[in-house]
Amino acid sequence: MLRGFKNFLMRGDVIVVAVGLVTALAFSTLIKAFTDSVINPVIARLQGGKSAGLGWQLGDQGNTSTYLNIGSFISALIYFIIFMGVIYFLIVVPYKYTQRRRGAEVFGEPGPLKTCPECLAEDLPAAARKCRYCGSDQPRTSEPPRTA
């Protein structure tokens, strides 16, 4: 049983995912610090005055639980965009490149699809002979299948 667990952990894909996760967490911390230290003060300054941020006080003045903080939402949105950009350009693009060199296509465009005439499922591969949902035979067509 322990040998099987060891073999599972030592697979290349698990190692790649673990390294990617650790890298993503490190970038997450870095980007969080950037948004908290740089973006949030800029957004708070846009409100002007002595406001706690960009937003509105819905209840008693000074009650933080009733403060509608739009600035925090904008900051989270900027954080998400930066984080996903970093992950894409520093993890996904190099991974696609190394996999292409190995002869494997990852994150590629999906193949052409066709629609089942019986159950109207629209995600069948163009070369399918039977529908994966209803099991009906698929007709051969000479027209080019639609792409996704």
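In the predicted model, I74 is placed in helix α3, which comprises residues 70-102. The side of the chain on which this residue makes its contacts can be described through two partners: leaving aside residues up to four places away in sequence, I74 touches I43 and L54. For the second of these partners, L54, the C-alpha atom is separated from that of I74 by 9.2 Å, with the two positions 20 residues apart along the chain. I74 is nevertheless partly exposed, since its relative accessible area is 30%, a value that falls between the 20% limit for buried residues and the 50% limit for exposed ones.

The UniProt record, an unreviewed entry, lists residues 70-93 as a "transmembrane region". In the model, this span is 100% helix and 0% strand, and the C-alpha atoms at its ends lie 33 Å apart.

With regard to the cysteines, the structure holds zero disulfides. For C119, the closest cysteine sulfur belongs to C131 and lies 3.6 Å from its own sulfur, which is too far for a bond because a disulfide requires the two sulfur atoms to be within 2.5 Å. The sulfur of C134 likewise has its closest cysteine sulfur in C131, at 3.7 Å, and this separation is also too far for a bond. Both residues retain some accessibility: C119 is partly exposed, with a relative accessible area of 33%, and C134 counts as partly exposed at 39%.

Methods. Residues are numbered from 1 along each chain as its sequence is written. This is a predicted model: local features need pLDDT of at least 70, side-chain atom pairs count only at pLDDT 80 or more; totals for chains, interfaces and linings use all residues. Side-chain values use heavy atoms; hydrogens and water are left out. UniProt positions are given in the numbering used here, feature names are shortened, and annotations may be inferred rather than shown by experiment. Helices (H or I, at least four residues) and strands (E, at least two) are DSSP runs, numbered from the N terminus. Buried means under 20% relative accessible area, exposed over 50%, partly exposed in between (1.4 Å probe, protein chains only). Contact means heavy atoms within 4.5 Å.
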